[in-house]
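The exchange below asks why certain descriptive terms apply, and each reply sets a computed value against its cut-off.

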Amino acid sequence: MFGVATSSFQIEGAAEQRLPSIWDTFCDTPGRIEDGSHGATACDHVSRYRQDVALMADLGVDAYRFSISWPRVMHADGKLNTKGCDFYLRLLDGLNENGIRAFATLYHWDLPQYLEDRGGWLNRDTAYRFQEYTDAVSRVLGERVFSWATLNEPLCSAQLAYELGMHAPGFTDRAMAKQAAHHLLLSHGLGMQVLRQNCPNALNGIVLNLSPCHAASESHEDRAAAFRADQDLNGWYAGPVLTGAYPDLIDQLPAHEVPDVQEGDMETICQPLGFLGVNYYSRGVFRAAQGALYEDVAVPGKPLTDMGWEIYPEGLVEVLEMLSDRYDLPPIYITENGAAMTDRIEGGAVEDSSRIRFFEQHLAALERAIAAGADVRGYFAWSLMDNFEWSYGYSKRFGLVYVDYETQERTVKSSYKAFQSMLKTRNDRSAC
Ligand code: GCO
């Protein structure tokens, strides 16, 4: 199954038709977004979704992964906002009419601000509010959705947002990040329980971002640092979800950084999964550092994307091997893979051959992983179109489709055409 992915805050716009989210507040805070921009308009997708669905139909994808904006579909009193839901009903109808399967993510980082005002993910109650939201929205949209994911990349919602200060709400405290991570994981478990009841025939799961963690040198210290990084970045999320336990790193944390885990929480978090979504972008290289668990280093001389991330296709094979070595796995979907490149529109065309090469290399790696036994059922390119790249604003372009943010004009890039012909070849084959 081949698809493209987006997320609500990054594309939707129509901010005035919903409640504020933590990302609105973050954008309003000077200095938080590199280019000083705001996600309030983004790709104006709420008005232009028909055109965007038509682009997907023309691309020939089997599936579309998007996220639902919690502050669009829920009122602050925990009741459903039927007007907000209508947008998703229309979007889902558009997808279904075109035979495109809907992969809906419930939380891709846009927490309602009113919940942040009550403590956000540091407040255990937020996990129960997530369950309430999941229940309400899955009852209304359930019949039209092929697959539900509870969370997208809880690592980012916890670490980037509470420890590194790069994402909303922008704290810099590791103890906070560990507590937020626990409540996020709890919300996943509570959400899964509801999805199993409301949507027993859907493919229900979670999306994690995973990366191989390499040591900067063969020294014992650097290898130990890479091992800690792996536990902190990968195992901290995959472990609880798939085995009901945090990695051993938890015993090395100072007491005040150990999250408050209540009785029964780990059982709640470890629910049977219909699928595991894996987002893959790059590897990490780590060394030991004074006063830190690990420190990441840039390896000179490697090819980089416009994000400064190393292009490392073999990492996809490594991540899938790592998962199957460690866990009993449900079927896997690569729910994001892609690259920001320095795209230029010239004469109405965008020649992004470096992105085409990126996709070719990663799909070839995926083929090797599948040949080696990985049970991968789908692959989603990030992203359908250029969009609001979080703290980088509109300065980074990941799309198969170029967006002119002044006019909202969409222009397909050469990577879109390459993806389209790849899909066409495949469809022609399956027709034979
Ligand atoms: C993520 C998110 C996306 C990003 C993409 C590029 O993986 O961080 O799911 O929202 O835009 O990954 O950074």
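Q: What counts as a helix here, and which helix holds glutamate 267?
A: A helix is a DSSP run of H or I with at least four residues, numbered from the N terminus. In this predicted model, glutamate 267 lies in helix α11, which covers residues 265-269.

Q: Why is glutamate 267 called exposed?
A: The term exposed is kept for residues with over 50% relative accessible area. Glutamate 267 has a relative accessibility of 56%, and therefore it counts as exposed. As for its surroundings, the C-alpha atom of glutamate 267 is separated by 8.3 Å from that of glycine 189, although the two residues are 78 residues apart along the chain.

Q: What makes α8 and α9 roughly antiparallel?
A: The axes of α8 (residues 154-162) and α9 (residues 174-198) come within 8 Å and cross at roughly 155 degrees. Angles over 145 degrees count as roughly antiparallel, and the two helices are therefore described in that way. The contact joins Pro154, Ser157, Ala158, Gln159 and Tyr162 of α8 to Met176, Ala177, Ala180, Ala181 and Leu184 of α9. Sorted by class, the residues of this contact are eight nonpolar, two polar and no charged.

Q: Why are α5 and α7 called oblique?
A: Their axes are 10 Å apart and the packing angle is about 40 degrees. The roughly parallel class takes angles under 35 degrees and the roughly perpendicular class those from 65 to 115, so the pair α5 and α7 is oblique. Cys85, Tyr88, Leu89 and Leu92 of α5 meet Val137, Val140 and Leu141 of α7, a contact with seven nonpolar, no polar and no charged residues.

Q: How do you know that the length of α5 agrees with the expected span?
A: Helix α5 has 16 residues (82-97), which at 1.5 Å a residue should span 22 Å, and because its end C-alpha atoms are 22 Å apart, the two values agree. Among the buried residues of α5 are Gly84, Phe87, Leu91 and Leu95, and the elements that cover the buried residues include α3 (45-59), β2 (63-67) and β3 (101-107).

Q: How do you know that α12 has the span expected of it?
A: The 13 residues of α12 (314-326) should span 18 Å at 1.5 Å a residue, and the end C-alpha atoms are 19 Å apart, which agrees. Its buried residues are Gly315, Leu316, Val317, Val319, Leu320, Met322 and Leu323. These buried residues pack against α10 (220-243), β7 (275-279), β10 (332-336), α13 (353-371) and β11 (376-382).

Notes
Residues numbered from 1 in each chain as written. Predicted model: local features only at pLDDT ≥ 70, side-chain atom pairs only at ≥ 80, totals over all residues. Heavy atoms only, no water. Axes fitted to C-alpha atoms, helices over the stretch in contact; angles between N-to-C directions. Contact = heavy atoms within 4.5 Å. Nonpolar A, V, L, I, M, F, W, Y, C, P; charged D, E, K, R; others polar. Expected span 1.5 Å × (residues − 1). Buried < 20%, exposed > 50% of the residue type's maximum accessible area, 1.4 Å probe, protein only.
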